[in-house]
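Trainee: Please give me a close look at a single part of this model, namely the open space in it and the residues around that space. I should like the surrounding architecture explained as far as it helps.

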Amino acid sequence: MEKKESLIQKLLDKMKKNKEDESIKILQKLKIKVKEVKTVEELETLEKELDEIGILDKEKLEKLKKKRKKQLERQNQSFQERIRCDIETINRIIAVGKAYKQKERQKEEKELLQTREERDRNGGVKQKDRDERTRSGGGRTRGER
């Protein structure tokens, strides 16, 4: 079984080997610096300091950088896919809405044509007016009682 050596493990080993106060203080300062790193420039300066001390394993660091870069690319791709999916969904909804409105317009136009044709057949009198005349012709209404 191979023992995986991490940065912290190397720092601890370094502390055990050199029990001098100065090296411990340097490592404690480095620990604080590692926690405070926020930009790439700060990271690069810290890498140089660690390399000068002899703690840094450049191969592992490069692997970690590549891994992190791939993770960021995957996150970006999934974000782009979600956005594209949402845009496709929105476009489909718009298309369905347009088709529905167009069908409604055609339906209304058909109804208007039918009512016009019926009026023309019945001598220009609307069906509603004709029904009212026939109903009001006989009998009393509620207001007359």
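Mentor: The span expected of a helix is 1.5 Å multiplied by one less than its number of residues. With that in hand, consider helix 4 of this predicted model. Helix 4 consists of 64 residues, and the distance from its first C-alpha to its last is 94 Å, close to the 94 Å expected at 1.5 Å a residue. After helix 4 comes Gly-123, with a positive phi near 80°.

The rest of the chain sets the scene. There are 5 helices and 0 strands, so that the order along the sequence reads α-α-α-α-α. Among the 145 residues of the chain, 7% count as buried. The exposed area is about 13900 Å², and carbon and sulfur atoms contribute 51% of it. Of the contacts between residues at least 6 apart in sequence, 29% connect residues at least 24 apart.

We may now turn to the open space itself. Rolling a probe the size of a water molecule over the atoms reveals where empty space remains. The largest pocket holds about 320 Å³. It is lined by 17 residues, and those closest to its centre are Leu-7, Leu-50, Leu-56, Leu-61 and Leu-64. Helix 1 (7-17), helix 3 (40-53) and helix 4 (58-121) each give two or more residues to this lining. Sorted by class, the lining comprises 10 nonpolar, 1 polar and 6 charged residues.

Leu-61 deserves particular attention, since it is among the residues closest to the centre of the largest pocket and belongs to helix 4. Is Leu-61 buried or exposed? Its relative accessibility is 17%, and the cut-off for buried is under 20%; Leu-61 therefore counts as buried. Leaving out residues up to four places away in sequence, Leu-61 touches Glu-47 and Leu-56. Glu-47 lies within the range of helix 3 (40-53). The C-alpha atom of Leu-61 is 9.8 Å from that of Leu-7, although 54 residues separate the two along the chain.

The second largest pocket has a volume of about 240 Å³. Ten residues would be a fair number to inspect by eye here: of the 10 that line this pocket, Ile-8, Leu-11, Leu-12, Leu-27 and Lys-31 are the closest to its centre. Helix 1 and helix 2 (21-36) are the elements that supply two or more residues to the lining. Its residues divide into 7 nonpolar, 1 polar and 2 charged. Helix 1 thus appears in the linings of both the largest pocket and the second largest pocket.

Finally, the connection from helix 2 to helix 3 may be examined through Val-37, which sits in the loop between them. Val-37 counts as partly exposed because its relative accessibility is 26%. Apart from neighbours within four places in sequence, Val-37 contacts Glu-42, Leu-43 and Leu-46.

Note on methods:
Residues are numbered from 1 along each chain as its sequence is written. This is a predicted model: local features need pLDDT of at least 70, side-chain atom pairs count only at pLDDT 80 or more; totals for chains, interfaces and linings use all residues. Side-chain values use heavy atoms; hydrogens and water are left out. On a 1 Å grid over the protein atoms alone, a cavity is a set of points where a 1.4 Å probe fits but cannot get out, and a pocket is an open set with protein on both sides within 12 Å along at least five of seven lines; lining residues have an atom within 4 Å of a point. Grid points are joined across faces, edges and corners, and a volume is the space filled by probe spheres set on the points. Helices (H or I, at least four residues) and strands (E, at least two) are DSSP runs, numbered from the N terminus. Ala, Val, Leu, Ile, Met, Phe, Trp, Tyr, Cys and Pro count as nonpolar, Asp, Glu, Lys and Arg as charged, and the others, Gly among them, as polar. Buried means under 20% relative accessible area, exposed over 50%, partly exposed in between (1.4 Å probe, protein chains only). Contact means heavy atoms within 4.5 Å. Accessible areas come from the Shrake-Rupley method with a 1.4 Å probe; for residues, only the protein chains shown count as cover.
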